[in-house]
Amino acid sequence: MANSQWLLHALLLLLLLLHMDSILLKTASMPPPSPVMCNSPAGGDGCILHNSYGAWNDRLDCHVQNVTYPTTEEELRSAVAYATRNGLNVKVVSKFSHTIPKLACPGRTQSVNSFLISTANYASSIDIDATNLVVTADAGVPLRQLIDRVEGQGLSLVAAPYWEGVSVGGLISTGAHGSSWWGKGGAMHDHVVGISLVAPAKESEGFAKVIRIEAQDQLLNAARVSLGLLGVISKVKFSLEGGFKRSITYNFTDDAQIEEIYRDHAMKYEFADITWYPSKHTAVYRYDNRVPLNTSGDGVYDFLGFQSNSVVVSKSVRATEKLLENARNVDGKCTLASTTVGYKKLIANGLRNGLIFTGYPVIGCQGKMQTSGSCLYSPPSRTDLTCAWDPRIDGLFFYETTAIFPAQRFADFVRDVKKLRDMNPENFCGVDIYNGFLIRFIKASKAYLGQSEDSVVVDFNYYRANGPSTPRLNQDVWEEVEQMAFFKHGAKPHWAKNRNSAFLNVQNKYPNFGKFMAAKKQLDPQNMFSSEWSDEILFWNEAAKGDGCALEGQCICSEDRHCSPAKGYLCKAGLVYKEARVCRYTQSSVA
């Protein structure tokens with residue numbers, strides 16, 4: 001134990017030194033790999049689509065027969081026409097591919113009828129109408145490029161997800177969001193006032209057509225969050241506001257009152273959030289409001305988790321966590337969690353007043369404070385720094401669960417989690433190594449696949465094993481928390497995140513799901529833009545269960561064989577939520 005603690009504290013020191021080095025030298029990282037890898041540069045003769053983590057939920061590769069890279073709207077229309085004429089299944093991917101479920105995969109293994117359209121090269125047009133306070137951008141435009149162009153005109157996008165490694169089309173397709181209950185809210189699709197969509201068409205119409213959907217059109221409520229099922233998004237029009245700055249302070253304090261004050265916190269601060277570290281009994285309240293543009297301050301929010309990381313550190317952190325998992329060393333995980341939380345407090349989670357963090361509040365322009373992702377940008381020659389989860393380096397590898405609660409039901413979820421936590425706080429250290437529970441706020445939306453009521457979003461990341469048949473330390477805890485969220489307290493899964501089991505009966509949680517499917521039938525009557533994978537998310541219900549299927553969320557266990565009885569993991573009832581069925585380690589079973 002002494003040796004493991006020494007190693008963990010040494011990692012903290014190394015992190016601090018490398019953090020300072022990256023700031024002072026302004027180093028950047030090796031850019032992420034392309035999500036599409038083909039046998040030929042032209043994109044034919046077979047390709048494989050990956051997400052940015054290098055593994056889908058089922059760990060099976062997505063094979064695609066052909067991929068095309070349009071650069072104009074007409075080329076995009078021609079690509080859809082080609083697919084319509086040839087009866088192909090079509091999906092769209094951006095240059096980033098950060099979706100965890102397999103929504104972008106057009107077909108099963110070695111499907112000869114699969115066709116992928118990449119918007120990586122369709123990213124040249126950003127048209128700002130300062131008079132009407134709107135901006136229209138090509139679907140492939142990266143979020144950072146859009147923000148910088150808007151801010152350069154003295155204007156601001158009010159909402160943005162915390163991670164900027166997304167395209168304009170991709171971020172609205174899956175409901176990407178920041179945090180706000182003010183104004184139009186924190187979800188970017190609720191700031192959309194127009195969409196151009198390329199949809200299949202009759203032969204007399206050239207097999208594909210561009211549909212301009214404006215704010216008054218009912219179809220906009222289907223197209224705002226479409227999961228890529230209605231056609232190919234060509235352009236998106238967002239509403240803008242005059243430029244402004246933000247003032248941010250983090251308050252690290254006790255977690256005793258989260259369930260009592262989260263509403264007041266969200267109403268008091270326009271861009272409020274809360275980060276909860278359950279094992280440390282710590283809540284971090286983000287005090288975040290806009291201030292006038294002439295307020296002094298040139299701050300930047302460069303979130304720690306999205307900064308360039310030394311390959312050595314990323315590999316070392318992963319190796320350390322893997323050793324702790326294999327040794328069932330809960331104490332070591334808790335030491336690592338304490339180190340992580342302490343480090344985040346020391347550097348204000350990535351906030352900087354200028355070159356470094358010197359104190360609160362940190363004040364800066366909206367475009368520098370609303371989103372981050374500095375690990376994305378670099379020349380390919382820089383290979384010693386990367387995003388921490390880059391699959392090429394054997395770095396961080398984790399699950400991400402994101403549950404969206406009706407606001408009035410969130411307090412009871414927190415109370416249940418605290419009951420489970422209080423049985424053994426150390427069991428929650430695994431989530432605090434990452435980012436604890438990130439709690440954000442989004443408003444009720446008119447989007448059919450958006451939230452029908454003001455909602456609270458909870459994200460938490462946790463260790464994923466290298467192999468699909470390897471159970472995890474305290475696996476039952478995270479399975480019980482998942483099932484509490486999605487089944488007991490009625491949370492909806494974020495469309496771009498989560499393990500497959502979170503989507504069980506998801507269509508019943510959206511009152512306008514039928515309207516969305518009617519729009520799909522209208523725009524895509526032949527289901528060109530559907531696949532077995534997207535159907536699995538939308539209509540998932542458990543059928544046949546295989547051995548070990550619960551270990552990675554491919555099912556919810558009902559028999560011991562769905563876990564790993566040979567390694568001591570049996571299917572048991574939840575400790576607080578008794579209806580939950582989880583894979584729990586039972587030492588007597590391996591005696």
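Arginine 77 and glutamate 74 sit three residues apart in helix H2 (residues 73–85), which puts about one helical turn between them. In general, an α-helix has 3.6 residues a turn, so residues three or four places apart point the same way. In this predicted model, the two side chains meet in a salt bridge, with N to O at 3.1 Å. Glutamate 74 counts as partly exposed because its relative accessibility is 44%, and the band for that label runs between 20% and 50%.

That pair is one piece of a longer list: searching the whole structure turns up 36 salt bridges. Here are three of them, the H2 pair included.

| Salt bridge | N to O distance |
|---|---|
| Arginine 77 and glutamate 74 | 3.1 Å |
| Glutamate 260 and arginine 415 | 3.3 Å |
| Arginine 286 and aspartate 273 | 3.6 Å |

Take the glutamate 260 and arginine 415 bridge. This one links distant parts of the chain, since glutamate 260 belongs to helix H6 (residues 258–268) and arginine 415 to helix H10 (residues 410–423), 155 residues apart. Arginine 415 is partly exposed, at 32% relative accessible area.

Now for arginine 286 and aspartate 273, whose side chains also meet in a salt bridge. Arginine 286 is in strand S16 (residues 282–291) and aspartate 273 in strand S15 (residues 273–277), so their pairing ties together parts 13 residues apart in sequence. Both of these residues, arginine 286 and aspartate 273, are buried. They also belong to a network of salt bridges that links Arg246, Asp273, Arg286 and Asp288.

On to two helices, H7 and H8. Helix H7 (residues 311–326) has 16 residues, so at 1.5 Å a residue it should span 22 Å, and its end C-alpha atoms are indeed 22 Å apart. What caps the N-terminal end of H7? Serine 310 does, with a side-chain oxygen 3.1 Å from the backbone nitrogen of valine 312. The buried residues in H7 include charged ones such as Arg318, Glu321 and Glu325, along with Val311, Val313 and Leu324. After H7 comes arginine 328, with a positive phi near 50 degrees.

Helix H8 (residues 330–346) checks out as well: its 17 residues should span 24 Å at 1.5 Å a residue, which agrees with the 24 Å between its end C-alpha atoms. At the start of H8, asparagine 329 uses a side-chain oxygen to reach within 3.3 Å of the backbone nitrogen of aspartate 331. Among the buried residues of H8 are Lys333, Cys334, Leu336, Val341, Tyr343 and Lys344. Alanine 348 follows H8, and its phi is positive too, near 55 degrees.

As for the interior, nonpolar side chains in soluble globular proteins tend to be buried together. The largest nonpolar core here has 82 residues, and Leu146, Phe238, Trp389 and Trp495 have the most contacts inside it. Leaving out residues up to four places away in sequence, leucine 146 touches Ile126, Val135, Ala137, Val141, Leu157, Val168 and Phe238. Another core, of 41 residues, lies apart from that one and has Tyr262, Trp276, Tyr399 and Leu420 among its members.

Last up is lysine 509, found in the loop between strand S25 (492–493) and helix H13 (513–523). Is lysine 509 buried or exposed? It counts as buried because its relative accessibility is 18%, and the cut-off is under 20%. The side chain of lysine 509 reaches the backbone oxygen of alanine 491 at 2.6 Å. Beyond residues up to four places away in sequence, lysine 509 touches Phe486, Ala491 and Lys492.

Terms used:
Residues numbered from 1 in each chain as written. Predicted model: local features only at pLDDT ≥ 70, side-chain atom pairs only at ≥ 80, totals over all residues. Heavy atoms only, no water. Salt bridge = Lys/Arg side-chain N within 4 Å of Asp/Glu carboxyl O. Helix = DSSP H or I, 4+ residues; strand = E, 2+ residues; numbered from the N terminus. Buried < 20%, exposed > 50% of the residue type's maximum accessible area, 1.4 Å probe, protein only. Expected span 1.5 Å × (residues − 1). Polar contact = N/O pair within 3.5 Å; in protein donor to acceptor, adjacent residues only side chain to side chain. Core = buried A, V, L, I, M, F, W, Y, C linked by side-chain atoms within 4.5 Å. Contact = heavy atoms within 4.5 Å.
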